[in-house]
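Here are a few notes to read beside the model. Keep the structure open and look up each residue as it comes.

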Amino acid sequence: SRVPSIFYILSLQIYKFILFDFLNLHTIIMGGGHHHHNPEADPKADQDLESMRKARTPLAFRDNCGHLLVKLNECRRETLFNPHKCGHERHTYEECGYYSYLQRVEAKKQEKRIRSEEAQD
């Protein structure tokens, strides 16, 4: 196999540096990179199933973020499903879904780690 030249390796390093620098500058200009945790968006394992039943939330959506979907759907009905309203509720619901996903990923990693430790013993 062919060994890459030093110039090729240096050009890749320069490219990575320029790309990283651009992304960092882009983050500063666009105002991103400083997300604050929203405690309202934390997934809850203990849900009020009765309130979800009264709100007629479909069974598929009665998960760890169902309590936020009830609020979001109430806001949607009050504003006649105006797409420019209920932005905060929608963002909170979607953020809760993301946090729930992160919790499942972390649980799966821990499960894999425990299984590999048991297999080694």
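1. Start with Ser100. This residue sits in helix α4, which covers residues 87–120. Keep in mind that the model is predicted.

2. Is Ser100 buried or exposed? Its relative accessible area is 9%. Buried means under 20%, so Ser100 counts as buried.

3. Now look at what surrounds Ser100. Leaving out residues up to four places away in sequence, Ser100 touches Pro43, Asn64 and Cys65.

4. Next, Leu102. Helix α4 holds this residue too. Its relative accessibility is 36%. Partly exposed lies between the 20% and 50% cut-offs, so Leu102 is called partly exposed.

5. Leu102 also belongs to a surface patch. Its partners there are Tyr98 and Tyr101. The patch is nonpolar, and the three residues together have about 310 Å² of accessible area.

6. Turn to the inside. In soluble globular proteins, nonpolar side chains tend to be buried together. Here the largest nonpolar core has 10 residues. They are Ala41, Cys65, Leu68, Leu69, Leu72, Cys75, Cys86, Tyr93, Cys96 and Tyr99. Helices α3 (66–78) and α4 each supply at least two of these core residues. Which helix gives the most? That is α3, with 4 residues.

7. Cys65 links two of these points. Cys65 is a contact of Ser100 and a member of the largest nonpolar core.

8. Finish with Leu68, another member of that core. Setting aside residues up to four places away in sequence, Leu68 touches Glu40, Ala41, Thr92, Tyr93 and Cys96. Among these contacts, Ala41, Tyr93 and Cys96 are listed in the core as well.

How values were computed. Residues are numbered from 1 along each chain as its sequence is written. This is a predicted model: local features need pLDDT of at least 70, side-chain atom pairs count only at pLDDT 80 or more; totals for chains, interfaces and linings use all residues. Side-chain values use heavy atoms; hydrogens and water are left out. Helices (H or I, at least four residues) and strands (E, at least two) are DSSP runs, numbered from the N terminus. Buried means under 20% relative accessible area, exposed over 50%, partly exposed in between (1.4 Å probe, protein chains only). Contact means heavy atoms within 4.5 Å. Patches are made of residues with over 30% relative accessible area and no salt bridge: like charges are joined within 9 Å, nonpolar side chains (Val, Leu, Ile, Met, Phe, Trp, Tyr) within 5 Å. Accessible areas come from the Shrake-Rupley method with a 1.4 Å probe; for residues, only the protein chains shown count as cover. A salt bridge is a side-chain nitrogen of Lys or Arg within 4 Å of a carboxyl oxygen of Asp or Glu. A nonpolar core is a set of buried Ala, Val, Leu, Ile, Met, Phe, Trp, Tyr and Cys residues joined through side-chain atoms within 4.5 Å.
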